[in-house]
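Me: I would like to go through this structure with you and ask, term by term, what each label rests on.

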Amino acid sequence: QVQLVESGGGLVQPGESLKLSCAASGSIFKIYAMGWYRQAPGKQRELVAAITSGATTNYADDVKGRFTISRDNAKNTWYLQMNSLKPEDTAVYYCNGEVRSTAWPTSRIYWGQGTQVTVSS
């Protein structure tokens with residue numbers, strides 16, 4: 001079994017920064033792509049940023065230049081550094097990862113439980 005746990009959410013003022021972490025644990029053989037999604041009230045969940053096993057990154061247009069996704073393979077952890085936060089960034093942020101566990105020959109997508117990010121003055 002594989003679990004993803006996010007941390008680092010909170011309440012900040014516009015222009016401030018937050019860093020989210022997603023730690024994977026359990027019977028992990030390998031983690032391939034990693035990503036961050038968010039879901040604001042009344043909206044669909046959307047991709048914020050993703051990083052492949054080869055460290056290629058992809059960002060939503062409205063976070064380019066402000067957010068940075070990174071990964072620490074040794075710790076099975078990935079991060080989302082969020083700078084210059086705006087009220088419209090307010091949402092529940094979810095991490096996901098394409099993980100192959102030691103118990104199964106193919107990979108599957110796992111999700112974290114979500115962490116609230118609120119940007120408000």
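Me: What makes the contact of Arg38 with Glu46 a salt bridge?

Reply: This is a predicted model, in which local features need pLDDT of at least 70 and side-chain atom pairs count only at pLDDT 80 or more, whereas totals for chains, interfaces and linings use all residues. Residues are numbered from 1 along each chain as its sequence is written, and side-chain values use heavy atoms, with hydrogens and water left out. A salt bridge is a side-chain nitrogen of Lys or Arg within 4 Å of a carboxyl oxygen of Asp or Glu. The closest N and O atoms of Arg38 and Glu46 are 2.8 Å apart, so the pair meets the definition.

Me: Why is Arg38 called buried, and why is Glu46 called partly exposed?

Reply: Buried means under 20% relative accessible area, exposed over 50%, and partly exposed in between, computed with a 1.4 Å probe on protein chains only. Arg38 has 4% relative accessibility and therefore counts as buried, while Glu46, with a relative accessible area of 36%, is partly exposed.

Me: How many salt bridges does the structure hold, and which residues are linked in a network of them?

Reply: The structure holds 5 salt bridges, and Arg38, Glu46, Asp62, Arg66 and Asp89 are linked in a network. Within that network, the side chains of Asp89 and Arg66 meet at 2.8 Å, N to O. Asp89 lies in the loop between β8 and β9 and Arg66 in the loop between β6 (57-59) and β7, so this pair ties together parts that are 23 residues apart in sequence. Both Asp89 and Arg66 are buried. The strands named here are DSSP runs (E, at least two residues), numbered from the N terminus.

Me: What makes Lys64 and Asp61 a salt bridge, and how do their accessibilities read?

Reply: Their side chains meet at 3.2 Å, N to O, so the pair satisfies the cut-off for a salt bridge. Lys64, at 49% relative accessibility, counts as partly exposed, whereas Asp61, at 65%, counts as exposed.

Me: How do you know that Cys22 and Cys95 form a disulfide?

Reply: A disulfide is a pair of cysteine sulfur atoms within 2.5 Å. The sulfur atoms of Cys22 and Cys95 are 2.0 Å apart, so the pair qualifies, and a search of the whole structure finds 1 disulfide. Cys22 lies in strand β3 (residues 18-26) and Cys95 in strand β9 (residues 91-101), so the link ties together parts that are 73 residues apart in sequence. Both cysteines are buried, and the link is right-handed, with 50° about the S-S bond.

Me: Why does Glu6 have no salt bridge?

Reply: Glu6, which lies in strand β1 (residues 2-7), is buried, and the nearest side chain of opposite charge, Arg45, is 7.5 Å away. A salt bridge has to fall within its cut-off, so this pair does not count as one. The side chain of Glu6 does, however, reach the backbone nitrogen of Gly114 at 2.7 Å, and a polar atom of that side chain lies 2.8 Å from the backbone nitrogen of Cys95. Leaving aside neighbours within four places in sequence, the residues in contact with Glu6 (heavy atoms within 4.5 Å) include Cys22, Trp36 and Tyr94.

Me: What joins strand β7 to strand β8?

Reply: Strand β7 (residues 67-72) and strand β8 (residues 77-82) run antiparallel and are joined by 6 bridges. Two strands pair if DSSP finds at least two bridges between them, so these two are paired. One of the bridge partners is Tyr79 in β8, opposite Ser70. Strand β7 has a covered face, Phe67, Ile69 and Arg71, and an uncovered one, Thr68, Ser70 and Asp72.

Me: What is notable about phi in Asn76 and Ser84?

Reply: Most residues other than glycine have a negative phi. Asn76, however, has a positive phi near 50°, and Ser84 has a positive phi of about 50° although it is not a glycine. Asn76 is found in the loop between β7 and β8 and is partly exposed, with a relative accessible area of 24%. Ser84 sits in the loop between β8 and β9 and is partly exposed too, with a relative accessible area of 40%.

Note on methods: Helix = DSSP H or I, 4+ residues; strand = E, 2+ residues; numbered from the N terminus. Lys, Arg positive; Asp, Glu negative; His and termini not counted. Polar contact = N/O pair within 3.5 Å; in protein donor to acceptor, adjacent residues only side chain to side chain.
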